[in-house]
Structure formats: C-alpha cells, structure tokens
Amino acid sequence: MSLVLITHLEEDEGGAYRQDIHIEGGQCGGYATACGLDGGFSGEEMRSEPAPRGAKINCSACFQLWKEFRRVRLNQFSPECAK
Ligand SMILES: [Zn+2]
C-alpha cells in the first residue's frame with residue numbers, strides 16, 4: 001500500500017503549511033487517504049501527492065484503522081468478494 005503526503009493549505013501561526021503522511025485511500029471510497037481526507041479533489045484546502053520514499057505515517061486515524069482492519073482474516077470474506 002502506498003503512502004500519501006497531504007499538505008494543508010491553511011497557514012499555521014508560523015506561516016507554514018502543515019504536512020502529514022497517511023495510508024493511501026486506494027481504489028474504493030474515492031478518498032485520497034484511508035482516513036477519509038479528499039486530498040483537495042473538492043476544494044483548495046489541501047493538496048495530495050505520493051509520500052517520499054521512507055516517509056513514516058504520522059496520522060493517528062490511519063494508525064487506528066490499520067490496527068482495526070488487520071484483525072479481520074481472509075476467511076471472514078465471502079469467496080466472491082475475496083477474488
Ligand atoms: Zn490519515
């Protein structure tokens with residue numbers, strides 16, 4: 001799974017843009033990140049790009065999703081779904 005770098009295009013107090021690294025949203029859901037950020041598709045408030053090599057995820061929502069989802073086993077999916 002690829003990671004994605006989100007740049008929030010609202011300046012913080014120091015005049016800098018906040019950036020964070022997330023799990024990519026993938027093919028389903030229509031979001032740039034697994035935690036549901038749209039990556040700027042519907043507005044100007046953020047920008048999305050592939051994360052640099054070696055970047056570490058620093059989004060607690062993505063971490064929580066990863067922790068929850070990895071408990072589900074392949075045999076819990078119906079055969080049609082898990083093709
Ligand atoms: Zn995230």
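This passage walks through the overall layout of a predicted model and then looks at one of its cysteines.

Starting with the basics, the chain holds one helix and three strands. Going along the sequence, these come in the order β-β-β-α, with the helix at the end of the pattern. As for overall dimensions, the C-alpha atoms take up a box of roughly 50 × 25 × 20 Å along the principal axes. The radius of gyration comes out at 15 Å, whereas a compact globule of 83 residues would sit near 12 Å.

Burial and contacts fill in the picture. Among the 83 residues, 19% count as buried. Looking at contacts with a separation of 6 or more, 52% of them link residues that are 24 or more positions apart.

Now to Cys 35. This residue belongs to the loop that runs between strand 2 (17-23) and strand 3 (46-50). Is Cys 35 buried, exposed or partly exposed? Cys 35 counts as partly exposed because 18 C-beta neighbours lie inside 10 Å, and being buried would take 20 or more.

Which residues does Cys 35 touch, once its neighbours within four places in sequence are left aside? The contacts are His 22, Cys 59, Ala 61, Cys 62 and Leu 65. One of these partners, His 22, falls within strand 2 (17-23). Glu 11 is another story: Cys 35 and Glu 11 are 24 residues apart along the chain, and their C-alpha atoms are separated by 22 Å.

Methods: Residues are numbered from 1 along each chain as its sequence is written. This is a predicted model: local features need pLDDT of at least 70, side-chain atom pairs count only at pLDDT 80 or more; totals for chains, interfaces and linings use all residues. Helices (H or I, at least four residues) and strands (E, at least two) are DSSP runs, numbered from the N terminus. The radius of gyration is taken over C-alpha atoms; the globule rule is 2.2 Å times the number of residues to the power 0.38. A residue is buried if 20 or more other C-beta atoms lie within 10 Å of its own, exposed if 12 or fewer, and partly exposed in between; C-beta atoms are placed from the backbone. Two residues are in contact if their C-beta atoms, placed from the backbone, lie within 7 Å.
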